[in-house]
Amino acid sequence: MEKKVIFSGIQPSGKLTLGNYIGAVANWVKLQDEYDCYYCVVDLHAMTQYQVPKDLRRQTLEAMAVYLACGLDPEKNTLFIQSHVPAHAEAAWLMSTMTYFGELSRMTQFKDKSSRQSENINAGLFTYPVLMACDILLYQADLVPVGSDQKQHVEITRDIAERFNNRYSETFKIPEVYIPKVGARIMSLQEPTKKMSKSDENENAIIYLLDPPEVIKKKFKRAVTDSIGKVQLSDDQPGIKNLISIYSVCRNMTPEEVVEKYKNEGYGVFKDAVADAVIEVLKPVQDRFHELMNNKAYLEEVYKAGAEKAERTARKTLRKMYKKVGFIPR
Ligand code: AQP
């Protein structure tokens, strides 16, 4: 029986965070045996924020190394860089003619990001969901594993795909979003009502995957909590709730089990325990990451082979799209 297809990606718009790990890559690893997975470093998307060219190059390579370091096997998954497969950008133009200004205007990520980067509200930021839709649709993906912030983008992908299918006949599979039960939205350590984001200016708000243990300890010690002083699951305690989610994912426990274990402890003890759990999970990832970054030839081998394989699948879908809309084949 053919395996179902998965597509997902991360922008190399900065150093990857614990949010990217828990909300995305850690789940991808669990899916690699059961599904035919395409995991991409989405550098075209990263251009919606200004990137220093040499940093973008390094971050793209680092993201690829993180994928491998977290345990994604290049024999089982197709690991590639988005700009290496031009079909993404080509399909995005066509699909942008079938996506409406009104629906793109409703995207919360566009609203959030345009308020954060008011000096650079570029057209790419606005049409970002169209490119993301094409990333997914070109591979005929069944499932898209993402953090909850991306749910709306998968919904618009479904709408665009259905519109194309209705207008030109069945072409795309309609993908489903796949959101983890715990850890779908890791929050900022400084403003726990906001998502942990790699472009946050406050470094104390973010745990980077490559932060050394002492930095991780310090950031958790400074994490904003509340004056209630009880480890429990309450919407009035977003900081503690976030720490509970992080601990529960790292220790493979339910949030309720975590509360049971720490309900009689102070915040200091709990924060130390969360830091230790995160350090333990990240240690092997960090060791492997450093090895990989010293072996650029291997990284190149992986992303080139990935691009070739991705290109074949993506081209096939793009050819079908072009034919259906009435373009003359070359
Ligand atoms: N805080 C988070 N909690 C859970 N999941 C998260 N993801 C990102 N942040 C969290 C998931 O990681 C995947 C890749 O996200 P992305 O980097 O492509 O885009 P993003 O969501 O815009 O991430 P950032 O960190 O906020 O990037 P910047 O700051 O550059 O905009 C997605 O599956 C996402 O859900």
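**Strands 1, 2 and 3**

I looked up Ile6 first and found Cys37 as its bridge partner in strand 2. The model is a predicted one. Strand 1 covers residues 5–10, and six bridges join it to strand 2. The two strands run parallel. I then followed the chain from strand 1 to strand 2; it passes through helix 1, residues 18–31. This β-α-β crossover is right-handed.

Next I checked the cover on strand 2, residues 36–41. Five of its six residues are buried, so I noted the strand as mostly covered, with buried taken as under 20% relative accessible area.

What lies on the other side of the pairing list for strand 2? Strand 3, residues 77–81, is joined to strand 2 by five bridges, and these two strands run parallel. I picked out two pairs. Cys37 stands opposite Asn77 in strand 3. Tyr39 has Leu79 as its bridge partner there.

I went on to strand 3 itself. Five of its five residues are buried. In a regular strand the side chains alternate between the two faces of the sheet. I therefore listed the faces one by one, with the under 20% cut-off for buried in mind. Asn77, Leu79 and Ile81 are on one side, and Thr78 and Phe80 are on the other. Both faces are covered.

**Asp43**

Asp43 is found in helix 2, residues 43–46. Is Asp43 buried or exposed? Its relative accessible area is 10%, so I entered Asp43 as buried. Beyond residues up to four places away in sequence, Asp43 touches Pro12, Thr60, Ile81, Gln82 and Ser83. One of these, Ile81, also appears in my list for strand 3. I took one distance too: the C-alpha atoms of Asp43 and Leu56 are separated by 7.9 Å, and the two residues are 13 residues apart along the chain.

**Leu94**

I moved to helix 4, residues 87–96, where Leu94 lies. Leu94 has a relative accessible area of 7%, so I recorded it as buried. Which residues are in contact with Leu94, leaving aside its neighbours within four places in sequence? I found Met321, Tyr322, Val325 and Phe327. For Tyr322 I looked up the separation. Leu94 and Tyr322 are 228 residues apart in sequence, yet 8.6 Å apart in space, C-alpha to C-alpha.

**Asn165 and Ser169**

Asn165 is found in helix 8. With a relative accessible area of 7%, Asn165 is buried. I set aside its neighbours within four places in sequence and read off the contacts: Glu170, Thr171, Phe172 and Ile174. I also looked up Lys324. Asn165 and Lys324 are 159 residues apart in sequence and 9.9 Å apart in space, C-alpha to C-alpha.

Ser169 lies in the loop between helix 8, 151–168, and strand 5, 176–178. I noted its phi: positive, about 95 degrees, although Ser169 is not a glycine. Its relative accessible area is 38%, so Ser169 goes down as partly exposed.

**Asn242 and Asn252**

Helix 10, residues 238–250, holds Asn242. Relative accessibility is 3% for Asn242, so this residue counts as buried. What does Asn242 touch, not counting residues up to four places away in sequence? I read off Arg185, Ile186, Met187, Ser188 and Leu189.

Asn252 is found in the loop between helix 10 and helix 11, 255–262. Its phi is near 55 degrees, a positive value in a residue other than glycine. Is Asn252 buried or exposed? At 73% relative accessibility, I entered Asn252 as exposed.

**Helix 9 and helix 12**

Last, I looked up a helix pair. Two packed helices are described by the angle between their axes and the distance between the axes. Helix 9 covers residues 213–221 and helix 12 covers residues 267–293. Their axes come within 9 Å and cross at roughly 150 degrees. I noted the crossing as right-handed.

Which residues of helix 9 meet helix 12? I listed Pro213, Ile216, Lys217, Phe220 and Lys221. On helix 12 the list reads Lys271, Asp272, Val274, Ala275, Asp276, Val278, Ile279 and Leu282. I then sorted the residues of this contact by type. Eight are nonpolar, five are charged and none is polar.

Conventions. Residues numbered from 1 in each chain as written. Predicted model: local features only at pLDDT ≥ 70, side-chain atom pairs only at ≥ 80, totals over all residues. Heavy atoms only, no water. Buried < 20%, exposed > 50% of the residue type's maximum accessible area, 1.4 Å probe, protein only. Helix = DSSP H or I, 4+ residues; strand = E, 2+ residues; numbered from the N terminus. Pairing = 2+ DSSP bridges. Right-handed = clockwise from strand over helix to strand, strands pointing away. Axes fitted to C-alpha atoms, helices over the stretch in contact; angles between N-to-C directions. Left-handed = near helix turned anticlockwise from the far one by under 90°. Contact = heavy atoms within 4.5 Å. Nonpolar A, V, L, I, M, F, W, Y, C, P; charged D, E, K, R; others polar.
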